[in-house]
Amino acid sequence: MSGVIVAVVLSAASVSAAPMPIVPTCSLSDVTVSTACEVFDGANDTTAFISSVDPFGITDWTLADKSDGPDGDHKIILKDVVNDVTSGTWSVDSFNGYSSVMLTMKAGNAFVAYLLDITNLSGTWTTEGVIVNRQGKGKDLSHMSLYYSPDSLTAVPLPAALPLYAVGLAVLGFFGWRKRKSA
């Protein structure tokens, strides 16, 4: 009977010695030009999941592009992302007038969402210290996704010089008409 108790004690000791999973964290330095971040542990950044949790209090996120496939409506194109590494760069040519844009990094069984400062069209990212394995090393990026809020589309302002240009054309037209009339 004492042999059974020793085996149970040894078994319990080996279970408690196993490293505990590390919960992902985030900071604004993980993705340069981000203004806020949120962690989602044990989830994938699918459109259905995103719409169920409303990151940053925004309820209408739409997938624009994804680094590992043809997903999204491509209203904003995500470029320069390399998957299966722990750090790199990202860029877009334009945010096309959208003021609420979110970048997600998926690695392992978690993802982190970053609200972007749209005055910058590129930045760097890292999973080091964010989504890590049991040894504390960053997990390789599975994919990166770019979402935008359709409600955040800003109207393109009228250029200040356009009314002056119109007045100038009208004046030139008037003088041309007067010259033809007098000839």
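Author: pLDDT is the predictor's confidence in each residue, running from 0 to 100. This is a predicted model, in which local features need pLDDT of at least 70 and side-chain atom pairs count only at 80 or more, while totals for chains, interfaces and linings use all residues. Residues are numbered from 1 along each chain as its sequence is written, and side-chain values use heavy atoms, with hydrogens and water left out.

Reader: What is the mean pLDDT of the protein chain, and where does pLDDT stay under 50?

Author: The chain averages 83, and 83% of its residues reach 70 or more. Residues 2-20 are the stretch under 50, and the model has two contacts beyond four places in sequence for them. Contact here means heavy atoms within 4.5 Å. Where pLDDT is low, the predicted coordinates should not be read in detail.

Reader: On to the sheet. Why do E1 and E2 stand at the edges?

Author: The open sheet has five strands in the order E1-E5-E4-E7-E2, with antiparallel pairing. E1 (34-41) and E2 (62-66) each have a single partner strand, so one side of each lacks a neighbour in the sheet. From one strand to the next, the twist averages 25 degrees; angles run from 0 to 180 degrees between N-to-C directions, with axes fitted to C-alpha atoms, for helices over the stretch in contact. Strands are DSSP runs of E with at least two residues, and helices are runs of H or I with at least four, all numbered from the N terminus.

Reader: How do you know that E4 pairs with E5 and E7?

Author: Two strands pair if DSSP finds at least two bridges between them. E4 (residues 101-107) has six bridges to E7 (residues 143-148) and six to E5, so both count as pairs under that rule. Take Met105 in the middle of this: its bridge partner in E7 is Met144, and in E5 it is Val112. E4 and E5 also form a hairpin with two residues between them, where Gly108 in the turn has a positive phi of about 60 degrees. E5 also pairs with E1, antiparallel over seven bridges, with Asp41 opposite Ala110.

Reader: What makes E5 mostly covered?

Author: Seven of the seven residues in E5 (residues 110-116) are buried. Buried means under 20% relative accessible area, exposed over 50%, and partly exposed in between, using a 1.4 Å probe and protein chains only. Ala110, Val112, Tyr114 and Leu116 point one way, Phe111, Ala113 and Leu115 the other.

Reader: Why is Gly138 called buried?

Author: Its relative accessible area is 11%, so Gly138 falls in the buried class. Gly138 is in the loop between E6 (122-126) and E7, and its contacts outside its neighbours within four places include Thr86 and Ile131.

Reader: What makes the Phe40 and Phe49 pair edge-to-face?

Author: Rings of Phe, Tyr and Trp (its six-membered ring) pair if their centres lie within 6.5 Å; planes under 30 degrees apart are stacked, over 60 edge-to-face, the rest tilted. The whole structure has four aromatic pairs. Phe40 and Phe49 have centres 5.9 Å apart and planes at 85 degrees, so this pair is edge-to-face. Phe49 also pairs edge-to-face with Phe111, again at 5.9 Å and 85 degrees, linking helix H2 (residues 47-53) to E5 across 62 residues.

Reader: Which of the three rings are buried, and which is partly exposed?

Author: Phe40 at 11% counts as buried, and so does Phe111 at 0%. Phe49 comes out at 25%, so it is partly exposed. Ring pairs link these three into a cluster.
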